Amino acid sequence: MISAGSWYQVHLDVRVNTWFGDFYDLLQKALSKEGDVSREEVYGFIFTFSRIAGIYIVVAVLLAFFTKHWTFRWRQAMNDYYMKHWQVLRRTEGASQRVQEDTRRFAIMVEGIGASMLQSVLTLVAFLPILLELSAQIHELPLIGEVSNAMVKATIVWALLGTVGLALIGIRLPGLEFQNQLVEAAFRKELVYGEDDQQRAEPDVVNDLFQAVRDSYFRLYFNFMYFDVAKYSYLQFGVVLPYIILVPCISKGGITLGSLQRLVGAFNNVERSFQFLVRNWGQIVDLLSVYKRLRQFSKSLAEERGDWGLRLSALCGYDDVETGSTESKPDYVELDNMTDGSADSSKSFADRCYR
């Protein structure tokens, strides 16, 4: 049902793109000296758009409703699985947060990213043939010269350039976000202990823990800053790119206003589909960091080393499944042992956390 609804949304997008082409041709005809366009024709186009938009609203609302229910059932499955093995998992650092908060965040982010990915694939399937057909009349690129299917090739090259480039620029972000969750968890845990134990959450300890939180956020902000510079520069230049490509055709008067709008619309939809990673990188970073936490959480079950443990290890990418070794090298910091409630033990927290 979700796939069918997404496909129908894309179908409506195609109809809207066609409508814009016809409508702008009508406007061009009306504004020309020899134009003769009646009010009924203009009202007819507006009514057609209103009908398409009304259908789109209904489909979008129903699709969002069913998608939310589907992702919640995914969260429920994870919750039931973890609670089934709670006696083992309860000894893991932050078990309650991972069962409640991380599964919730994971389901929500999978909902957003999964729906966006499905929409991107279906949009690409629908609009790429349209772009291919419309770009048949575009035979020249600025500074390059004669190129067949110029718009299609330019779209693919531009999208791949942005995706690969920004992925390399933001390659450190998932690890930094994961590290940020660790220091937040340590800070929160000490405050929780302080609610029941007067010897915990002393000022020096809390100050040191919060300093680690501050350093982690500032490091994350800096890395997101240069990533955002590259991302927004790339996206803003992409707005004018189709018009730059069409300069030779426009200057020769070889395209109508309606065809221009359809071509630019198809270009933008195909470009947006190829830019899935670029436009969702922030959510993907969060998803990867939560996945790391849930993966480490699930590894606690593998210590039992039963048949179900081996299957879970394989599913989670457990390092020693093939060898059968019970030893593993964790790539995370055990938050239970970060502090013992004293100021001395917390002073080295930042160094240990960032090792």
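**Exercise 1. Classify Ser6 as buried or exposed, and list its contacts beyond close sequence neighbours.**

Solution.
- Step 1: Place the residue. In this predicted model, Ser6 is part of helix H1, which covers residues 2–31.
- Step 2: Take the relative accessible area. For Ser6 the value is 4%.
- Step 3: Apply the cut-off. Buried means under 20%, so Ser6 is buried.
- Step 4: Leave out the neighbours within four places in sequence. Ser6 then touches Leu63, Leu118, Gln119 and Leu122.

**Exercise 2. Find the residues of the nonpolar surface patch that includes Met1, and state its accessible area.**

Solution.
- Step 1: List the members. They are Met1, Val58, Leu62, Phe65 and Phe66.
- Step 2: Take the area of the group. Together these residues have about 530 Å² accessible.
- Step 3: Locate one member. Val58 belongs to helix H2, residues 39–84.

**Exercise 3. Compare the expected and actual spans of helices H4 and H7, then locate the bend in each.**

Solution.
- Step 1: Start with H4. This helix runs over residues 95–134 and holds 40 residues.
- Step 2: Use 1.5 Å a residue. The rule multiplies by one less than the number of residues, so H4 should span 58 Å.
- Step 3: Check the ends of H4. Its end C-alpha atoms are 55 Å apart, which agrees.
- Step 4: Look for a kink in H4. One of about 30° sits at Phe127, shortly before the proline Pro129.
- Step 5: Repeat for H7. Its 43 residues should span 63 Å, and the end C-alpha atoms are 62 Å apart, so the two agree.
- Step 6: Find the bend in H7. The helix turns by about 40° at Val239. The proline Pro242 follows within four residues.

**Exercise 4. How many salt bridges does the whole structure hold, and which side chains take part?**

Solution.
- Step 1: Search the whole structure. One salt bridge turns up.
- Step 2: Name the pair. The side chains are those of Glu190 and Arg200, at 2.9 Å from N to O.
- Step 3: Place both ends. Glu190 is in helix H6 (residues 173–196), while Arg200 is in the loop between H6 and helix H7 (203–245). The two are ten residues apart.
- Step 4: Check burial. Glu190 and Arg200 are both buried.

**Exercise 5. Identify what sets the phi of Ala201 apart, and classify its accessibility.**

Solution.
- Step 1: Locate the residue. Ala201 falls in the loop between H6 and H7.
- Step 2: Read the backbone angle. Phi is positive at Ala201, about 55°, although the residue is not a glycine.
- Step 3: Set this against the general rule. Most residues other than glycine have a negative phi.
- Step 4: Classify. The relative accessibility of Ala201 is 25%, so the residue counts as partly exposed.

**Exercise 6. For Leu173, Gly175 and Ala77, give the accessibility class and a partner apart in sequence.**

Solution.
- Step 1: Leu173 lies in helix H6. At 1% relative accessibility, Leu173 is buried.
- Step 2: Leu288 is 115 residues from Leu173 along the chain, with 9.7 Å between their C-alpha atoms.
- Step 3: Add the contacts. Neighbours within four places aside, Leu173 touches Leu220, Asn223, Phe224, Phe227, Trp281 and Val285.
- Step 4: Gly175 is also in helix H6. Its relative accessibility is 29%, which makes Gly175 partly exposed.
- Step 5: Val285 is 110 residues from Gly175 in sequence. In space the C-alpha separation is 8.4 Å.
- Step 6: Ala77 sits in helix H2. With a relative accessible area of 43%, Ala77 is partly exposed.
- Step 7: Thr103 is 26 residues from Ala77 along the chain, and their C-alpha atoms are 9.8 Å apart.

**Exercise 7. Summarise the whole chain: helices and strands, burial, contacts and surface.**

Solution.
- Step 1: Count the elements. There are 14 helices and two strands.
- Step 2: Take burial. Of the 355 residues, 42% are buried.
- Step 3: Take contacts with a separation of 6 or more. Residues 24 or more positions apart supply 75% of them.
- Step 4: Take the surface. About 19800 Å² is exposed, with 60% from carbon and sulfur atoms.

Notes: Residues are numbered from 1 along each chain as its sequence is written. This is a predicted model: local features need pLDDT of at least 70, side-chain atom pairs count only at pLDDT 80 or more; totals for chains, interfaces and linings use all residues. Side-chain values use heavy atoms; hydrogens and water are left out. Patches are made of residues with over 30% relative accessible area and no salt bridge: like charges are joined within 9 Å, nonpolar side chains (Val, Leu, Ile, Met, Phe, Trp, Tyr) within 5 Å. Accessible areas come from the Shrake-Rupley method with a 1.4 Å probe; for residues, only the protein chains shown count as cover. A salt bridge is a side-chain nitrogen of Lys or Arg within 4 Å of a carboxyl oxygen of Asp or Glu. Buried means under 20% relative accessible area, exposed over 50%, partly exposed in between (1.4 Å probe, protein chains only). Contact means heavy atoms within 4.5 Å. The bend at a residue is the angle between axes fitted to the seven residues ending there and the seven starting there.
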